[in-house]
Amino acid sequence: SEAQLSSTYYDKTCPNALATIRTSIRTAVSRDPRMAASLIRLHFHDCFVQGCDASILLEDSSSITSEQNAGPNKNSVRGYSVIQDAKTQVEKVCPEVVSCADIVAVAARDASVAAAGPSWTVKLGRRDSTTASFNQAENDIPRFRDGLDVLISRFASKGLNAREMVALSGAHTIGQAQCFTFRERLYSNESDIDAGFASMRKGSCPKSGNDSVLAPLDLVTPTLFDNNYFKNLIQKKGLLESDQVLFSGGSTESIVKEYSESSSTFKDDFASAMIKMGDISPLTGSQGQIRKFCSVVN
Ligand code: HEM
Ligand SMILES: [Ca+2]
Ligand SMILES: [Ca+2]
């Protein structure tokens with residue numbers, strides 16, 4: 001008899017929670033448009049490690065080995081301070097009521113809306129962990145060199161099917177990636193990369209050069225949450241190997257094609273899949289705690 005998340009969870013205890021978070025996220029995205037992408041990714045990397053429990057926000061301490069230093073996160077995940085800023089505003093109106101985990105989930109939705117992506121009703125009532133798992137962050141978060149079968153099984157182990165995985169990967173319709181994440185794909189003489197696209201990207205990502213130079217994950221509409229990501233894949237212009245592998249002769253090709261032809265199908269499925277991802281093993285009831293500061297256990 002586990003407690004369920006509910007969209008009305010704070011209606012009585014903090015009626016202004018959602019409006020307060022929204023204002024905070026809108027301000028952050030208007031200052032730095034890329035933050036919309038970064039906040040969606042932050043929720044993903046939280047939920048894939050111990051569930052959606054704000055474990056990713058905990059910093060190193062005597063009792064915590066931070067997930068922030070794990071391979072997929074280090075010098076890569078952004079937005080920690082944006083979440084803390086929203087938490088600070090929420091604490092002013094309702095101290096010690098709203099979890100950091102819920103703020104991350106709401107921020108991801110508000111970020112999607114800010115980038116002209118879909119909206120959805122966020123379920124609430126997650127509590128914050130008192131632990132983090134560096135090892136799970138190393139082992140469970142998908143990697144950019146993963147093949148299709150590995151990707152499918154990683155998502156399956158979190159309760160998400162292949163169609164949901166393809167929809168969620170559509171988050172790469174916005175945001176940026178560093179050179180080291182796609183360099184091998186550019187120089188490996190693969191047949192599944194468009195030659196013109198490869199030579200364009202080689203310009204700013206030479207064989208031996210600055211690893212951290214950025215390129216847009218969607219070359220056509222990098223700040224707009226649309227279905228162009230899927231059109232790119234059909235043209236062999238996916239940036240990461242883990243992007244292109246979704247349209248490379250495997251079982252997910254028909255889903256990519258479907259999303260490339262219907263923006264509304266993609267957006268509806270993305271919203272549903274984000275709700276399902278937000279449901280990954282939440283702490284509820286008396287489990288965990290409501291942190292006072294998102295980066296430390298009370
Ligand atoms: C399918 C497996 C996935 C892999 C292997 C993957 C990998 C990556 C990598 C390597 C980057 C660039 C990081 C960097 O260069 O610092 C990135 C960026 C990003 N990822 Fe994913 N990702 C996956 C799925 C997802 C999902 C499910 C979401 C969200 C629902 C997501 C959202 C994003 C966003 C929005 C960015 C851009 C972030 C920014 O600009 O700050 N990704 N991803
Ligand atoms: Ca987590
Ligand atoms: Ca786009």
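**Exercise 1. Classify Ile 290 by its surroundings and place it in the chain.**

Solution. Ile 290 has 16 C-beta neighbours inside 10 Å, so this residue counts as partly exposed. The cut-offs are these: buried means 20 or more other C-beta atoms within 10 Å of a residue's own, exposed means 12 or fewer, and partly exposed lies in between, with C-beta atoms placed from the backbone. This is a predicted model: local features need pLDDT of at least 70, side-chain atom pairs count only at pLDDT 80 or more, and totals for chains, interfaces and linings use all residues. Residues are numbered from 1 along each chain as its sequence is written, while chains are lettered from A and ligands numbered from 1 in the order in which they are written.

Next, find the segment. Ile 290 sits after helix H13 (263-277). Helices (H or I, at least four residues) and strands (E, at least two) are DSSP runs, numbered from the N terminus.

Then list the partners. Leaving out residues up to four places away in sequence, Ile 290 touches Glu 96, Val 97, Ser 99, Arg 127 and Asp 128. Contact means C-beta atoms, placed from the backbone, within 7 Å. Val 97 is 193 residues from Ile 290 along the chain, yet their C-alpha atoms are separated by 6.6 Å.

**Exercise 2. Describe how domain 1 meets domain 2.**

Solution. Start with the bounds: domain 1 covers 17-141 and domain 2 covers 148-273. Such bounds come from an automatic or database domain assignment. The C-alpha centres of the two domains lie 23 Å apart.

Now count contacts. 15 residues of domain 1 are in contact with 12 residues of domain 2. On the domain 1 side, H2 supplies the largest share, 5 residues. That side divides into 9 nonpolar, 3 polar and 3 charged residues. Here Ala, Val, Leu, Ile, Met, Phe, Trp, Tyr, Cys and Pro are nonpolar, Asp, Glu, Lys and Arg are charged, and the others, Gly among them, are polar.

**Exercise 3. Work out what builds the shell around ligand 1.**

Solution. Ligand 1 is surrounded by 26 residues, and the closest are Ser 76, Pro 142, Ala 171, Gly 175 and Gln 178. A residue is near a molecule if its C-beta atom, placed from the backbone, lies within 6 Å.

Assign the elements. Helix H2 (35-47), helix H7 (162-169) and strand E1 (176-178) each give at least two residues. H2 gives the most, with 5 residues.

Check both domains. Domain 1 and domain 2 each contribute at least three residues to the shell.

Finish with chemistry. The shell around ligand 1 holds 12 nonpolar, 9 polar and 5 charged residues.

Note on methods:
Contact = placed C-beta atoms within 7 Å.
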